[in-house]
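Trainee: Could you pick one spot in this model and take a close look at it for me? I'd like to hear what it touches and how it fits with the rest.

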Amino acid sequence: MNNLQNCITFGANSYTIMSSLSQISVTPSNIQSMVPSGASVGIGDDFFISRLSDMPQYNHLQYPFRIDCYLAAYCVEGSMDCTVNLTRYHLTSGTLLLITPGNIATITRPEQQVGRQRFTIICASADFISSVGIDPTKFLVEVIEVLRDPCMHLSADEADLLRKYVDLLLDIARAQPHFTRECIGGLISSVFYQFAGFLAASKKKEDLESPLRTTRQRQMLEQFMKLAITDHAREHLVGYYADKLCVTPKYLSKIIKECSGRSVPDWLNELLILDAKNMLRHSNMTIKEISAQLNFPSQSFFFRFFKNHTGMTPTQYRAE
C-alpha cells in the first residue's frame with residue numbers, strides 16, 4: 001500500500017500549483033496537485049478522485065495542456081468554460097464532461113460567474129484502465145461520440161448513481177484496507193461501462209438527427225480519428241489517411257465533413273496547432289525543434305503555418 005496517497009484536504013488555500021503545467025501532459029497526479037479544495041484521494045499516477053467546492057485558479061489552466069489520462073468532470077453546481085481540441089464548451093449544473101487521453105484542453109472562468117462552484121472529478125491513467133480489464137473496443141461508438149461532443153447532461157437518476165459511485169470510491173480509498181487498488185479498479189471499470197451506458201442511452205434518443213448516419217460512416221470516422229491522433233505530427237496530407245482507409249481522398253473528405261462538421265485538413269491542422277501551442281507553452285524545446293517534431297519542411301514554413309492559423313508567430317505566442 002506504499003503507492004496509496006490519501007490526501008484529503010479542505011479549504012481554498014490547501015493546495016499548491018506544482019510545475020505540472022510546465023510538462024507537456026497532465027496525469028492524475030498532476031491534476032491532484034492543481035485542485036483547489038474539496039475531499040480528494042489519489043493512488044499514485046493511476047487514479048484520482050475529488051469533490052471540488054471551488055475552482056479559483058483559472059489563470060493556471062487557461063493555456064492549452066494535454067490530458068494524458070481518462071478524465072470525467074461532473075458539474076454539481078455553478079458553471080465553467082473550457083475548450084477541448086479548440087472547441088469551446090460551457091458546463092452548467094448536471095453536465096458531465098468526458099475527455100480521453102491525447103486531447104488538449106483549457107479551462108477558463110465564465111465572464112458572468114454567480115455563486116459557488118461544485119465539481120466532481122474522476123481521472124485514471126490509460127495503463128490503470130487497461131490493467132483493470134476495461135475493453136474499449138466494446139464501446140468504440142461511444143468513444144467517437146465523446147470525440148465529437150465530450151459533454152452530456154445527466155438525468156436525476158444518472159446523477160444520483162454517479163454520486164453513489166463517488167461516495168463508495170472515496171470510502172474505500174480512505175479506509176485503506178488490503179487490496180485498495182484492486183477494489184478501486186473494479187469500481188472504476190464499472191463506472192466506465194456505466195458512462196458508456198449513459199452515452200448509448202443519450203445518443204439513442206438523437207439517432208434520427210445524428211450526422212453519423214450509417215455504420216460505415218461511423219467506422220470511417222472512428223478509423224480516421226485514431227489515425228489522425230497518432231499520425232498527424234508526421235503525416236499532414238489527406239492522401240496518406242485515404243490510402244490507409246482504402247478510399248479516395250475526395251470520398252474520405254466528404255464522409256469526415258458530413259460526420260464531424262470539419263474537413264480532414266481542418267482536423268489535421270487543428271491537431272498540429274494544438275501540439276505546437278502545447279510545446280511552445282509547456283516545454284523548453286526550441287522553435288526549430290518543435291518544427292522538426294511536427295515534421296514541417298522548414299522552420300520558416302512552420303512560422304507561416306502557425307501565424308496563418310493563430311494570428312501570431314510562435315515566438316509571439318511563447319512570449320504572451
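Mentor: Let's start at threonine 313. Leaving aside residues up to four places away in sequence, threonine 313 touches Phe303, Phe306 and Lys307. Keep in mind that this is a predicted model. Threonine 313 sits in the loop between α11 and α12, the latter being residues 314-319. Don't let the word "loop" fool you about burial: with a relative accessibility of 16%, threonine 313 falls under the 20% limit and so counts as buried.

One of those contacts, Phe306, takes you straight to the aromatic side of things. Phe306 belongs to a single aromatic cluster together with Phe296, Phe301, Phe302, Phe305 and Tyr317. The whole structure has nine aromatic pairs. Among them is phenylalanine 296 with phenylalanine 301, a tilted pair with 6.0 Å from centre to centre and 40° between the planes. Phenylalanine 296 also pairs with phenylalanine 302, and there the centres are 5.2 Å apart with the planes at 50°, so that pair is tilted too. How do these rings sit with respect to the surface, buried or exposed? Phenylalanine 296 and phenylalanine 302 are both buried, with phenylalanine 296 at 8% relative accessibility. Phenylalanine 301 is partly exposed instead, with a relative accessible area of 37%.

Step back one residue from phenylalanine 296 and the backbone gets interesting. Asparagine 295 has a phi near 60°, a positive value in a residue that isn't glycine. You'll find asparagine 295 in the loop between α10 (287-293) and α11 (299-310), partly exposed at 39% relative accessibility. Cysteine 246 is another one to check: its phi is positive, about 60°, and it isn't a glycine either. That cysteine lies in the loop between α7 (238-245) and α8 (249-260), and at 71% relative accessibility cysteine 246 counts as exposed.

While you're at α8, have a look at its charged side chains. Lysine 254 makes a salt bridge with glutamate 258, the closest N and O atoms being 2.9 Å apart. An α-helix has 3.6 residues a turn, so residues three or four places apart point the same way. Lysine 254 and glutamate 258 are four residues apart in α8, about one helical turn. Both ends of that bridge are partly exposed: lysine 254 at 45% relative accessibility, glutamate 258 at 31%.

Helix α4 offers a similar pair. Aspartate 160 and lysine 164 meet in a salt bridge of 3.4 Å, N to O, and being four residues apart in α4 they are separated by about one helical turn. Aspartate 160 is partly exposed at 30%, and lysine 164 is partly exposed at 46%. There's also a longer-range link: arginine 51 and aspartate 167 meet in a salt bridge of 2.7 Å, N to O. Arginine 51 is in strand β4 (residues 47-52) and aspartate 167 in α4, so this bridge ties together parts 116 residues apart in sequence. Salt bridges with shared partners join Arg51, Asp160, Arg163, Lys164 and Asp167 into one network. The count for the structure is eight salt bridges.

Now for the geometry of α4 itself. At 1.5 Å a residue, its 20 residues (156-175) should span 28 Å, and the end C-alpha atoms are 29 Å apart, which agrees. Its buried residues are Glu158, Ala159, Leu162, Tyr165, Val166, Leu169, Leu170, Ile172 and Ala173. Seen down the helix axis, they fall within an arc of 165°, so they line one face of α4. Turned away from that buried side you get the exposed residues Ala156, Asp157 and Ala175.

To put all this in context, the protein has twelve helices and twelve strands. Of its 320 residues, 50% are buried. Looking at contacts with a separation of 6 or more, 69% come from residues 24 or more positions apart. The accessible surface comes to about 15300 Å², and carbon and sulfur atoms account for 53% of that.

How values were computed:
Residues are numbered from 1 along each chain as its sequence is written. This is a predicted model: local features need pLDDT of at least 70, side-chain atom pairs count only at pLDDT 80 or more; totals for chains, interfaces and linings use all residues. Side-chain values use heavy atoms; hydrogens and water are left out. Helices (H or I, at least four residues) and strands (E, at least two) are DSSP runs, numbered from the N terminus. The expected span of a helix is 1.5 Å times one less than its number of residues. Buried means under 20% relative accessible area, exposed over 50%, partly exposed in between (1.4 Å probe, protein chains only). The arc is that of the directions from the helix axis to the C-beta atoms. Contact means heavy atoms within 4.5 Å. Accessible areas come from the Shrake-Rupley method with a 1.4 Å probe; for residues, only the protein chains shown count as cover. Rings of Phe, Tyr and Trp (its six-membered ring) pair if their centres lie within 6.5 Å; planes under 30 degrees apart count as stacked, over 60 as edge-to-face and the rest as tilted. A salt bridge is a side-chain nitrogen of Lys or Arg within 4 Å of a carboxyl oxygen of Asp or Glu.
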